[in-house]
Amino acid sequence: MTSRSEAALLIAAAAAAAACGRGMEHQPKVRTLEQSSFFADGRAARPRVPGTVARGFLGADELLETGRSGGRDADLFPFPIGAAELARGRERFDIYCADCHGRDGSGDGMVVRRGFPRPPSFEEPRLRSAPAGHFVAVMAEGLGKMYPFADRVSARDRWMVAAYIRALQLSGGAPLADAPPAERARLEASR
């Protein structure tokens, strides 16, 4: 009796082992950009179905996603900006922008000191008068030597960075008398 049950168990194990992996190795499949006789156009890779959008990439809000409204750079923020948004903007700026633009936006970041072309200072008159949407659009699409950051910085975060850039621009032109007394003393001592 034991030998029959052992034999049955051995046959079942052999059948399972023989079937294991064979189906995956020998199934019909195509490799990237390989030809296929299955489709009339001869291509295995199928074109995207019109109207489909990858998850998370709907982009229905032109202002939020591109920084533009009606195709023009907008100066209207798509959501309220408070202290938390400015803090988040500063955090994102320090991570993604300061290496080139410098922590104060003057264009003398660490990579510039090591030979990368200098970006414009945010204090330049054309950038001081540029709408906030300009900075969002440049972060999303890139400009000149700056590559796009849309895949690294979310649309909301781009607006928060633009708000922080505005804060840098305002603080850069502010008179020392506008600083709180304790901060004014620290700034005067550092001169």
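**Entry 1: Phe116**

I began with the contacts of Phe116 (contact means heavy atoms within 4.5 Å). Leaving aside neighbours within four places in sequence, I found Phe116 in contact with Cys100, Val111 and Lys145. The model is a predicted one, in which local features need pLDDT of at least 70, side-chain atom pairs count only at pLDDT 80 or more, and totals for chains, interfaces and linings use all residues. Residues are numbered from 1 along each chain as its sequence is written, and side-chain values use heavy atoms, with hydrogens and water left out.

I located Phe116 in the loop between helix H6 (110–113) and H7. Helices (H or I, at least four residues) and strands (E, at least two) are DSSP runs, numbered from the N terminus. Phe116 counts as partly exposed because its relative accessibility is 38%. On this scale buried means under 20% relative accessible area, exposed over 50%, and partly exposed in between (1.4 Å probe, protein chains only). From C-alpha to C-alpha, I read 8.1 Å between Phe116 and Cys100, which are 16 residues apart in sequence.

**Entry 2: Confidence**

I then looked up pLDDT, the predictor's confidence in each residue, from 0 to 100. The protein has a mean pLDDT of 87, and 92% of its residues reach 70 or more. Confidence is highest in helix H4 (residues 83–96), at a mean of 97, and lowest in helix H2 (residues 22–25), at 65.

**Entry 3: Helix H8**

Is H8 mostly covered or mostly uncovered? I found H8 mostly covered, with nine of its ten residues buried. Among these buried residues I noted His134, Ala137 and Val138. The buried residues of H8 pack against helix H3 (62–66), strand E1 (68–69), strand E2 (72–73), helix H7 (125–128) and H9. Just after H8, I noted that Gly142 takes a positive phi of about 80°.

**Entry 4: H8 against H9**

I next examined the axes of helix H8 (residues 132–141) and H9, which come within 9 Å and cross at roughly 130°. Axes are lines fitted to C-alpha atoms, for helices over the stretch in contact, and angles run from 0 to 180 degrees between N-to-C directions. The crossing angle makes H8 oblique to H9. Angles under 35 degrees count as roughly parallel, over 145 as roughly antiparallel, 65 to 115 as roughly perpendicular and the rest as oblique.

On the H8 side, I recorded Ala132, Gly133, Phe135, Val136, Met139 and Ala140 in the contact. On the H9 side, I recorded Arg158, Trp159, Val161, Ala162, Ile165, Arg166 and Gln169. By class, the residues of this contact are nine nonpolar, two polar and two charged. For these classes, Ala, Val, Leu, Ile, Met, Phe, Trp, Tyr, Cys and Pro count as nonpolar, Asp, Glu, Lys and Arg as charged, and the others, Gly among them, as polar.

**Entry 5: Arg166**

I followed one residue of that contact, Arg166, which lies in helix H9 (residues 155–172). Is Arg166 buried or exposed? Arg166 counts as buried, because its relative accessibility is 18%. Leaving aside its neighbours within four places in sequence, I found Arg166 in contact with Asp75, Leu127, Arg128, Ala130, Pro131, Ala132 and Phe135.

**Entry 6: H4 against H9**

I read an angle of about 95° between H4 and H9, with their axes 7 Å apart. H4 and H9 are therefore roughly perpendicular to each other. In H4, I noted Glu85, Leu86, Arg88, Gly89, Arg90, Arg92 and Phe93. These meet Asp157, Met160, Val161, Ala163, Tyr164, Ile165, Ala167 and Leu168 in H9. I sorted the contact of H4 with H9 into nine nonpolar, one polar and five charged residues.

**Entry 7: Other positions**

I found Leu9 in helix H1 (residues 2–19). Leu9 is exposed, with a relative accessible area of 61%. Leu9 and Asp178 are 169 residues apart along the chain, and their C-alpha atoms are separated by 87 Å.

I found Glu183 in helix H10 (residues 181–190). Glu183 counts as partly exposed, at 33% relative accessibility. The C-alpha atoms of Glu183 and Ala150 are separated by 36 Å, with these positions 33 residues apart along the chain as the sequence separation.

Finally, I placed Gly42 in the loop between H2 and H3. Gly42 is partly exposed, with a relative accessible area of 23%. Not counting residues up to four places away in sequence, Gly42 touches Gln35 and Ser36.
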